[in-house]
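Work through the exercises below with the coordinates open beside you, and try each task before reading its solution.

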Amino acid sequence: MKIRTLIIILVLLAKTVSAQNNKILFVMSAADTLQLNNGEKLRQTGVFLNEFYLAYKSVTEAGYTVDFATPNGIVATIDEESINDKYWKNNLKVKNEALIFTKTDSIFNSPKTLEKAIENKSDYIGLIIPGGQGLMVDLKDDINTPILLKYFAKENKPTGLICHAPSLILTIPKEENPYIGFKVNSVSSFEEFVIERFIMKGKPKNRKIAKRLKKLGLKYRRKLPKANYAVKDRNLVTSQNPFSGTAFNKLYLEALTEYLKNNKNRN
């Protein structure tokens with residue numbers, strides 16, 4: 001009887017470890033308003049829908065599970081601009097699937113706080129932070145953001161930062177920043193100009209991401225606007241815009257495979 005009980009316990013533990021070894025943490029913005037032109041204009045903001053959902057769909061279809069975390073555990077806001085068909089090309093069916101997901105998925109609508117995510121950080125083998133201007137409002141100034149980034153870097157766990165999200169590397173002081181010297185991509189300066197001039201019609205406080213990443217000491221790479229482009233350097237995967245989902249997902253899954261292989265060899 002004791003042996004049977006022990007076997008059951010070991011099987012349950014193995015299943016728990018397996019689940020933890022396949023869990024990805026999505027950190028999302030919960031901001032819904034962006035100030036432009038020094039506060040003279042307000043604009044609705046949030047997470048860019050396809051930057052989040054295409055990454056989510058990619059990892060879950062590959063067999064990984066997901067947790068969501070936001071500042072204070074508030075449900076993530078979706079940027080209304082990102083619902084525009086132009087960001088989905090021939091994927092309108094997936095867009096509708098994404099919209100339904102945000103309204104009905106229980107895990108998405110019950111995010112953890114960032115503090116709780118930090119408490120459980122060892123449960124996750126990877127981190128993804130989707131883009132959208134929202135993160136420039138809340139995640140940029142949240143004390144938990146650099147803590148999470150430094151942990152995943154220290155453990156060499158795959159870290160995916162999409163479009164505006166690479167700007168969060170700037171939250172880590174230079175003297176303790178693990179990404180100095182890494183190749184990195186993000187929304188380009190020209191794309192920022194187009195967004196501000198023709199889409200938002202106003203300038204946000206936090207901008208010039210590419211320039212600031214280069215000044216910090218990262219090796220910035222880019223392609224033309226709307227390019228399907230991403231960069232992988234060790235554990236870090238970064239991408240340029242809402243049209244870079246395919247490139248990002250390919251490299252991020254490669255990073256996960258490499259991490260699991262290396263971790264298995266160490267064990």
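The exercises that follow concern a predicted model, and they move from the sheet to ring pairs, salt bridges and the surface.

**Exercise 1. The sheet**

Determine in which order the strands of the open sheet follow one another, and which strands form its edges.

Solution. Tracing the pairing from strand to strand gives the order S5-S4-S1-S6-S7-S11-S10, so that seven strands form an open sheet with mixed pairing, given that strands count as paired when DSSP finds at least two bridges between them. The next step is to look for strands that pair on one side only, and these are S5 and S10, the edge strands. For one pairing in detail, take strand S7 (residues 159-162) and strand S11 (residues 236-239), which run in the parallel sense and are joined over four bridges. Within this pairing, Thr159 stands opposite Leu236 of S11.

**Exercise 2. A ring pair between two strands**

Classify the geometry of the ring pair Phe26 and Phe68, and state which strands the pair ties together.

Solution. The structure holds 21 aromatic pairs. In the pair chosen here, the ring centres of Phe26 and Phe68 are 5.7 Å apart and the planes make an angle of 55°, so the pair is tilted. The second step is to place the residues: Phe26 belongs to strand S1 (residues 23-27) and Phe68 to strand S4 (residues 65-70), so the contact ties together parts that are 42 residues apart in sequence. As to accessibility, Phe26 is buried, with a relative accessible area of 0%, and Phe68, at 3%, also counts as buried.

**Exercise 3. A ring pair within a helix**

Work out how Phe52 and Tyr56 are arranged in helix H2, and whether their rings are stacked, tilted or edge-to-face.

Solution. Phe52 and Tyr56 are four residues apart in helix H2 (residues 49-61), a separation of about one helical turn. Their ring centres lie 6.3 Å apart and their planes meet at 45°; because stacked requires under 30 degrees and edge-to-face over 60, the pair is tilted. Phe52 is buried at 0% relative accessibility, while Tyr56, at 15%, counts as buried as well. The last step is to follow the ring pairs outward, which link Phe26, Phe52, Tyr53, Tyr56, Phe68, Phe101 and Phe108 into a cluster.

**Exercise 4. Charges over rings**

Find the rings over which the charged ends of Lys121 and Arg234 sit.

Solution. Starting from Lys121, its charged end sits over the ring of Tyr151, at 5.5 Å from the ring centre. Turning to Arg234, its charged end sits over the ring of Phe182, and here the distance to the ring centre is 3.7 Å.

**Exercise 5. Salt bridges**

For the salt bridges Asp67 with Lys112, Glu81 with Lys86 and Lys232 with Glu258, give the N to O distance and describe how accessible the partners are.

Solution. Side chains of opposite charge can pair when their charged atoms come close. The count for this structure comes to 14 salt bridges.

1. Asp67 and Lys112 meet at 4.0 Å, N to O. Asp67 lies in strand S4 and Lys112 in strand S5 (residues 112-113), so the bridge ties together parts that are 45 residues apart in sequence. Asp67 is buried at 11% relative accessible area, whereas Lys112 is partly exposed at 25%. These two residues also belong to a network of salt bridges in which Lys23, Asp67 and Lys112 are linked.
2. Glu81 and Lys86 have their closest N and O atoms 3.6 Å apart. Glu81 counts as buried at 17%, and Lys86 is partly exposed at 44%.
3. Lys232 and Glu258 meet at 3.0 Å, N to O. Lys232 lies in strand S10 (residues 230-233) and Glu258 in helix H8 (residues 245-266), so parts that are 26 residues apart in sequence are tied together. Lys232 is partly exposed at 25%, and Glu258 is partly exposed at 38%.

**Exercise 6. Surface and loop**

Identify the residues that make the nonpolar surface patch of about 340 Å², and locate Asp141.

Solution. The patch is made by Phe190, Phe193 and Phe198. Of these, Phe198 has its place in helix H6 (residues 189-199) and counts as exposed, with a relative accessibility of 53%. Asp141 is found in the loop between strand S6 (126-129) and helix H5 (144-154), and at 53% relative accessibility Asp141 counts as exposed. A final step compares sequence with space: Asp141 and Thr171 are 30 residues apart in sequence, while their C-alpha atoms are 7.6 Å apart.

Key:
Residues are numbered from 1 along each chain as its sequence is written. This is a predicted model: local features need pLDDT of at least 70, side-chain atom pairs count only at pLDDT 80 or more; totals for chains, interfaces and linings use all residues. Side-chain values use heavy atoms; hydrogens and water are left out. Rings of Phe, Tyr and Trp (its six-membered ring) pair if their centres lie within 6.5 Å; planes under 30 degrees apart count as stacked, over 60 as edge-to-face and the rest as tilted. Buried means under 20% relative accessible area, exposed over 50%, partly exposed in between (1.4 Å probe, protein chains only). A charge sits over a ring if NZ of Lys or CZ of Arg is within 6 Å of the ring centre and within 35 degrees of the ring normal. A salt bridge is a side-chain nitrogen of Lys or Arg within 4 Å of a carboxyl oxygen of Asp or Glu. Patches are made of residues with over 30% relative accessible area and no salt bridge: like charges are joined within 9 Å, nonpolar side chains (Val, Leu, Ile, Met, Phe, Trp, Tyr) within 5 Å. Accessible areas come from the Shrake-Rupley method with a 1.4 Å probe; for residues, only the protein chains shown count as cover.
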